[in-house]
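Subject: Structure handover

Hello,

Here is the structure I promised to pass on. Please open it alongside these notes. What I found in it follows below.

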Amino acid sequence: MIHAAGPYLLASVLVGLGLYGILARRNAVLVLVGTELLIAGGSLLLVTAGALGRDEAWSGQVLTLFVITIAAAEVVIALAVIVAAYRRRGTIDLAEDAA
């Protein structure tokens, strides 16, 4: 059996990288990638907690399936918004004015 520290450490690294990607980047696509890293870290944490908790209903794994579905829908909508903003503004830099 895998020690619990490994997946928890990986989840914390994913969340840290995602948070850095959201706060430090000005490109909309890189902010979206940071958001996906945050979601991946949360999903890994759900699966790890479900596997180590001896849950008979497999709730960690089931919740992760819902999170993956919502993340896929979020990516589609966010990319559509980014493409629409690029067509209108000519750039996807978040620091520029929308004028």
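One definition to start: a polar contact is a pair of N or O atoms within 3.5 Å; within protein, one must be able to donate a hydrogen and the other to accept it, and residues adjacent in sequence count only if both atoms are side-chain atoms. This is a predicted model, where local features need pLDDT of at least 70, side-chain atom pairs count only at pLDDT 80 or more, and totals for chains, interfaces and linings use all residues. Residues are numbered from 1 along each chain as its sequence is written, and side-chain values use heavy atoms, with hydrogens and water left out.

Thr91 and the segment after H3

The polar contact I had in mind involves Thr91. A polar atom of the Thr91 side chain lies 3.2 Å from the backbone nitrogen of Asp93. Thr91 sits in the segment after H3. Helices here are DSSP runs (H or I, at least four residues), numbered from the N terminus. Is Thr91 buried or exposed? Thr91 counts as buried because its relative accessibility is 19%. The cut-offs are these: buried is under 20% relative accessible area, exposed is over 50%, and partly exposed is in between (1.4 Å probe, protein chains only). Contact means heavy atoms within 4.5 Å. Not counting residues up to four places away in sequence, Thr91 touches Ala85, Tyr86 and Glu96.

Just before this, the backbone does something to check. Gly90, just after H3, takes a positive phi of about 85 degrees.

The salt bridge

How many salt bridges does the structure hold? There is 1. The criterion is a side-chain nitrogen of Lys or Arg within 4 Å of a carboxyl oxygen of Asp or Glu. The partners are Arg26 and Asp93, with their closest N and O atoms 3.9 Å apart. The pair links distant parts of the chain: Arg26 is in the loop between H1 and H2, Asp93 is in the segment after H3, and 67 residues separate them. Arg26 counts as exposed because its relative accessible area is 54%.

Leu94 is also in the segment after H3. Its C-alpha is 5.1 Å from that of Arg26, although the two are 68 residues apart in sequence. Leaving aside neighbours within four places in sequence, Leu94 is in contact with Arg26, Asn27, Ala28 and Val31.

Helix H2

H2 covers residues 28–52, which is 25 residues. From first C-alpha to last, H2 reaches 36 Å, close to the 36 Å expected at 1.5 Å a residue. The expected span is 1.5 Å times one less than the number of residues. Asn27 caps the N-terminal end of H2, with a side-chain oxygen 3.1 Å from the backbone nitrogen of Val29. The buried residues of H2 include Ala28, Val31, Leu32 and Gly34. Further along, Gly41, Ser43, Thr48 and Gly50 are buried too. Their cover includes helix H1 (5–24) and helix H3 (59–89).

Glu36 lies in H2. Glu36 is partly exposed because its relative accessible area is 23%. Leaving aside neighbours within four places in sequence, its contacts are Ala71, Glu74 and Val75. The C-alpha atoms of Glu36 and Val15 are 9.4 Å apart, with their positions 21 residues apart along the chain.

The loop between H2 and H3

H2 is followed by Arg54, whose phi is positive, near 55 degrees. Trp58 also has a positive phi, about 55 degrees, although it is not a glycine. Trp58 is in the loop between H2 and H3. At a relative accessible area of 56%, Trp58 is exposed. Glu56 is in the loop between H2 and H3, and Glu56 is exposed at 71%.

Helix H3 and the patch

H3 has 31 residues, which should span 45 Å at 1.5 Å a residue; its end C-alpha atoms are 44 Å apart, which agrees. Gly60, Thr64, Ala71, Ala78 and Ile82 are buried in H3. Their cover includes H2.

Which residues make the nonpolar surface patch? Trp58, Val62, Leu63 and Phe66 make it, at about 440 Å². Patches take residues with over 30% relative accessible area and no salt bridge; like charges are joined within 9 Å, nonpolar side chains (Val, Leu, Ile, Met, Phe, Trp, Tyr) within 5 Å. Areas come from the Shrake-Rupley method with a 1.4 Å probe; for residues, only the protein chains shown count as cover. Phe66 is in H3, and Phe66 counts as exposed at 52% relative accessibility.

Best wishes

Technical notes:
Helix = DSSP H or I, 4+ residues; strand = E, 2+ residues; numbered from the N terminus.
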